[in-house]
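Open the model in your viewer and keep the sequence panel in sight. The stops below say what to select and what is found there.

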Amino acid sequence: FVKSELPKVAAPLLPGLLIVFVLGVVLAQFEFTAAFTIKHPPSHPIRGELICSSALRPFAVEQRLRAMSSWLAVVPLYGFLFFGTATLFYQKLKELLHAQSGKPRAARLRTIVIDCTSVTGIDSTALNTLDKARRLIVDENHIQLVWAGCDEERATEFGKRGLLSSVKVFESLDIAL
């Protein structure tokens, strides 16, 4: 049917084109499966003493920031976030905050930066868990939450879900610090 309607010059090429098309679909499926089955477990929070911005600041400001660095933790997220990885992140966050409750008030965290720079995508169940994490940090523990690595598209998505309520948002971790 299709071969009879093709120009005579293109008719001999049809079997080859079909093979290339089917092969492309199969390879795309394998690539998609490989990209989204690799799980990136949430890493441990990075203490403020171990991370810094590349911004050049006056010496007095650097000294003040160094003194306050123990009040900061950076939690990097990687890859595609789905329910499983978001739940692991939430559990690690709860452990971090529970460990803070045993410290004197002056030594507790005051700012948590969640770095989304290496996040490739987020599904809706992970967004629900991130909102739960925001409530745990901001509403229950009264700690300043900062989202880093949020481009305009991600910030819009977070805003629709209420993840930007009482938080700060920056395009990169460097700017956030």
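Which helix gives the most to the lining of the largest pocket? Helix 3 does, with four residues. The model is a predicted one, and the tour starts at this pocket.

**Stop 1: the largest pocket**

Select residues 59-68 to show helix 3. Then add strand 3, strand 4 and strand 5 (167-170); each of these elements, like helix 3, supplies at least two residues of the lining. The pocket has a volume of about 580 Å³. It is lined by 22 residues, and those closest to its centre are Leu 65, Met 68, Ser 69, Leu 72 and Leu 177. Colour the lining by class and you should get 11 nonpolar, five polar and six charged residues.

**Stop 2: strands 2 and 3**

Select residues 72-81 for strand 2 and residues 111-122 for strand 3. The two strands run parallel and pair over nine bridges. To find one point of register, pick Gly 79, which stands opposite Val 119 in strand 3. Now show residues 83-101, which form helix 4. Together with strand 2 and strand 3, helix 4 makes a β-α-β unit, and the unit is right-handed.

**Stop 3: on to strand 4**

Keep strand 3 on display and add residues 144-148, strand 4. This pairing is also in the parallel sense, with five bridges. Label Val 113 and look across to Val 146 in strand 4, its bridge partner. Follow the chain from strand 3 through helix 5 (residues 124-140) to strand 4: this β-α-β crossover is right-handed.

**Stop 4: a charge over a ring**

Select Arg 110 and Trp 71 and show their side chains. What sits over the ring of Trp 71? The charged end of Arg 110 does, 3.6 Å from the ring centre. For aromatic rings against each other, a search of the whole structure finds one pair.

**Stop 5: the second largest pocket**

Keep Arg 110 selected, since this residue is also among those that line the second largest pocket. The rest of the lining is Leu 97, Gln 100, Ser 101, Arg 105, Arg 108, Leu 109, Asn 141, His 142 and Ile 143. How much space lies in this pocket? About 270 Å³. By class, its lining has three nonpolar, four polar and three charged residues.

Definitions and conventions
Residues numbered from 1 in each chain as written. Predicted model: local features only at pLDDT ≥ 70, side-chain atom pairs only at ≥ 80, totals over all residues. Heavy atoms only, no water. Phe/Tyr/Trp six-rings, centres within 6.5 Å; stacked < 30°, edge-to-face > 60°. Lys NZ or Arg CZ within 6 Å of the ring centre and 35° of its normal. Pairing = 2+ DSSP bridges. Right-handed = clockwise from strand over helix to strand, strands pointing away. 1 Å grid on protein atoms, 1.4 Å probe; cavity = no way out; pocket = protein on both sides within 12 Å on 5 of 7 lines; lining within 4 Å. Points joined across faces, edges and corners; volume = space filled by probe spheres on them. Nonpolar A, V, L, I, M, F, W, Y, C, P; charged D, E, K, R; others polar.
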